[in-house]
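Please look over the sequence and the model shown here before reading on. The paragraphs that follow lead through the fold step by step.

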Amino acid sequence: MKTDSQRYLVTGATGHLGQRVVADLVTTVGPTQVTAAVHTVAKATALQAQGVALTALDYADVAGMTSAFTGQDVVIYIPSKTYDLQQRINEFENSLQALQVAHVPSVIFVSFYADQENDPFTMAPYYAYVPRRLASSGLHYAIIKNSLYADPLVPYFSELIQRRALIYPVGQQALTFITQDDSAKAIAALATKSQLRDAGQVYTITQEESLTMPELGRIMTTVTGRPIGYRPVTNERFQQIYAAEGDGAELASMYAAAALGLFNIVTDDFVKITGHRPENMSDFLSRSYPESD
Ligand SMILES: NC(=O)c1ccc[n+]([C@@H]2O[C@H](COP(=O)([O-])OP(=O)(O)OC[C@H]3O[C@@H](n4cnc5c(N)ncnc54)[C@H](OP(=O)(O)O)[C@@H]3O)[C@@H](O)[C@H]2O)c1
């Protein structure tokens, strides 16, 4: 249903989150007002089928971004996933320059709640930097911070069933999660509700409860019918176990933040933005297990 005549551009539109944000915007405002900005055009077939406009966009190319942003009313900025801190900052600086030159009236920055001063997560300095940079940019913006995605737990089920335990090195600290579907819903809703954005607002979207690992294990046990307890490994061991996947050190740094209690943040921002309650972990895992694809 079409509710306004604003033009929305989503960066990172082929990604897990970006695809969902595009789909939710299409549902809310219709395809003709939505532009999917894609890094690799070959990945954009599904987006194209939704009838949205497509534009190529590279965070390294200021001139290209300026041209893509020109004429847009709201740009939803989803960062890349690179763990190279300097590169991620450079990508943002390039984007900021383009947003300013294109005079984009409204920016939504998609962030992560790991941004505290004492946060050991590799990318925490980036998430701390961007809001401060936006504050002095002259742009109208809002920041929406995700908590941990619940979604990566789903492909992890078979390993957990084998291990019979979660192994995250977070001790008894509780963590909050959000599903990618709910994250996208909140981002799209924020983009389309001008009264909630443009004044430097900062939102953190979480489920309604934080979960300790024994609590998460109990939910997983109920969902799978298989015993999944909690036997934490050390942070060093965790890093070694996932080193082969290429991001063991970064993930370990993220769980070091969780072990400090920095991810135990619960807010009602999701309800404030969407008017609905976020999906809880039990419902999400029940509908997602067993993994269908
Ligand atoms: N909350 C959490 O637990 C959590 C977990 C993971 C990630 N995140 C963060 O959430 C965001 C989205 O995650 P996601 O899973 O949707 O990531 P994703 O699937 O990797 O999507 C990232 C998107 O950025 C695009 N991109 C990469 N380099 C680019 C460049 N130089 N210029 C323009 N676009 C570029 C990618 O396009 P190509 O594929 O074509 O390069 C892709 O469409 C990321 O910022 C990520 O750091 C949060």
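In which sense do strand β5 and strand β6 pair, and over how many bridges? Strand β5 (residues 106–112) and strand β6 (residues 141–146) pair in the parallel sense, over six bridges, where two strands count as paired if DSSP finds at least two bridges between them. Helices (H or I, at least four residues) and strands (E, at least two) are DSSP runs, numbered from the N terminus. The model is a predicted one, in which local features need pLDDT of at least 70 and side-chain atom pairs count only at pLDDT 80 or more, while totals for chains, interfaces and linings use all residues. Residues are numbered from 1 along each chain as its sequence is written.

Within this pair of strands, F109 has I143 of β6 as its bridge partner, and V110 stands opposite I144 in β6. On the side of β4 (residues 74–77), four bridges join that strand to β5, again in parallel, and here Y77 stands opposite F109 of β5. The chain passes from β4 through helix α4 (residues 85–101) to β5 in a right-handed β-α-β crossover; right-handed means that, with the strands pointing away from the viewer, the path from the first strand over the helix to the second runs clockwise. A right-handed β-α-β unit is also made by β5, α5 and β6. Six of the seven residues of β5 are buried, so that the strand is mostly covered, a residue being buried if 20 or more other C-beta atoms lie within 10 Å of its own, exposed if 12 or fewer, and partly exposed in between, with C-beta atoms placed from the backbone.

These strands belong to an open sheet of seven, in the order β3-β2-β1-β4-β5-β6-β10, with parallel pairing. Because β3 (53–56) and β10 (201–205) stand at the edges and have a single partner strand each, one side of each is left without a neighbour in the sheet. On average, and with direction ignored, neighbouring strands of this sheet are turned by 20 degrees against each other. Helix α5 (residues 124–135) lies across β5, β6 and β10 and runs at about 160 degrees to β5; axes are lines fitted to C-alpha atoms, for helices over the stretch in contact, and angles run from 0 to 180 degrees between N-to-C directions.

One residue of the edge strand β10 is T204. Is T204 buried or exposed? T204 counts as buried because it has 20 C-beta neighbours inside 10 Å. Leaving aside neighbours within four places in sequence, T204 is in contact (C-beta atoms, placed from the backbone, within 7 Å) with Y113, K145, S147, I265, T267 and D269. By comparison, Y242 sits in the loop between α9 (235–241) and α10 (248–259) and is partly exposed, with 16 other C-beta atoms within 10 Å. Its contacts, with the same sequence neighbours set aside, are D247, G248 and L251.

The ligand is surrounded by 23 residues, of which G12, G15, H39, T40 and S80 are the closest; a residue is counted as near if its C-beta atom, placed from the backbone, lies within 6 Å. The elements giving two or more residues to this shell are α1 (16–29) and β7 (148–149), and α1 supplies the largest share, three residues. By character, the shell divides into nine nonpolar, ten polar and four charged residues, with Ala, Val, Leu, Ile, Met, Phe, Trp, Tyr, Cys and Pro counted as nonpolar, Asp, Glu, Lys and Arg as charged, and the others, Gly among them, as polar.

Key: Contact = placed C-beta atoms within 7 Å.
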